[in-house]
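User: Please take a close look at one part of this model, beginning with a single side-chain contact. Then go through the local backbone features and the strands that belong in the same account.

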Amino acid sequence: MAMMRMIAVVAMAENRVIGDGKGLIWHIPNDLKRVKTLTMACPLIMGRKTWDSIGRPLPGRASIVMTRDRSWTADGAIAVPNLEAAIEAARIWIENTVGSRSDIILFGGGEIYKQGLKYCHRVERTVIAKKLNGGAEAAYFPELPTADWDIEIEAEIAATDDVPAYRYERAVKREPPRPMLSNQAE
């Protein structure tokens, strides 16, 4: 099996707002298609609020949901108490799923990104050309220090009547990330 890598996939405003605690705060159909391409056949690690905002498992992917509520369950979700358990559940899913890819996708929200970014090789981000006030429940994507990450703009898309301008960025970690499992070499 290929070595597993963790990749963060995120859509955020220019001020790093990723959510308002209720649901998606923008609708960009082409970005949803890109996210599907980036994540298909991969396990997704997300928090319960992210799960709630999606409302269902995404086809062709595992939905591994981190929650402190040990009694929480949802059809199509794999509930885990912490990031280590999420990584282990992702590993098991990859090993037992025909046609799976060896990428583990860090899928949000803010606290999940904060905990998992140290394991990420790469960040695929969509940056919406707006500064948003996410309100009292705002979630943010962590800063990516330019000393640690090489950031390249993949594409810039102009605004249309109903979609704001945005760009696709790929950030690649300069140094190897922290190993996810004890059996992976540093």
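Analyst: The side chains of Asp31 and Thr126 are joined by a polar contact of 2.5 Å. The model is a predicted one, and the value is computed from its atoms. Asp31 belongs to helix α1, which covers residues 29–39. Leaving aside residues up to four places away in sequence, Asp31 touches Ala11, Thr126 and Tyr168. Thr126 thus appears twice, as a polar partner of Asp31 and in the list of its contacts.

What is the state of the charge on Asp31? Asp31 is buried and has no salt bridge. The nearest side chain of opposite charge is Arg34, 4.2 Å away. A salt bridge needs a side-chain nitrogen of Lys or Arg within 4 Å of a carboxyl oxygen of Asp or Glu, so the 4.2 Å to Arg34 does not qualify.

After helix α1 comes the loop to β3 (43–47), and Ala41 sits in that loop. Ala41 has a phi near 70°, a positive value in a residue that is not glycine. Most residues other than glycine have a negative phi, and most peptide bonds are trans. Ala41 counts as buried, at 14% relative accessibility.

A positive phi, near 75°, is also found at Arg16, again a residue other than glycine. Arg16 is in the loop between β1 (5–13) and β2 (17–19). With a relative accessible area of 24%, Arg16 is partly exposed; the limit for buried is under 20%.

The strands that border these two loops, β1 and β3, both pair with β6. β1 and β6 run parallel and are joined by 4 bridges; in that pairing Met6 stands opposite Ile104 of β6. β3 and β6 also run parallel, with 3 bridges between them, and Leu44 has Ile105 in β6 as its bridge partner. β6 itself is mostly covered, with 6 of its 6 residues buried.

The other backbone feature is a cis peptide bond, from Gly108 to Gly109, with omega near 5°. Gly109 is in the loop between β6 (103–108) and α4 (110–116).

To put the parts together: Asp31 in α1 is buried without a salt bridge and has a polar contact with Thr126. The positive phi values are at Arg16 and Ala41. β6 bridges to β1 and to β3, and the cis bond links Gly108 to Gly109.

Notes: Residues numbered from 1 in each chain as written. Predicted model: local features only at pLDDT ≥ 70, side-chain atom pairs only at ≥ 80, totals over all residues. Heavy atoms only, no water. Buried < 20%, exposed > 50% of the residue type's maximum accessible area, 1.4 Å probe, protein only. Lys, Arg positive; Asp, Glu negative; His and termini not counted. Polar contact = N/O pair within 3.5 Å; in protein donor to acceptor, adjacent residues only side chain to side chain. Contact = heavy atoms within 4.5 Å. Pairing = 2+ DSSP bridges.
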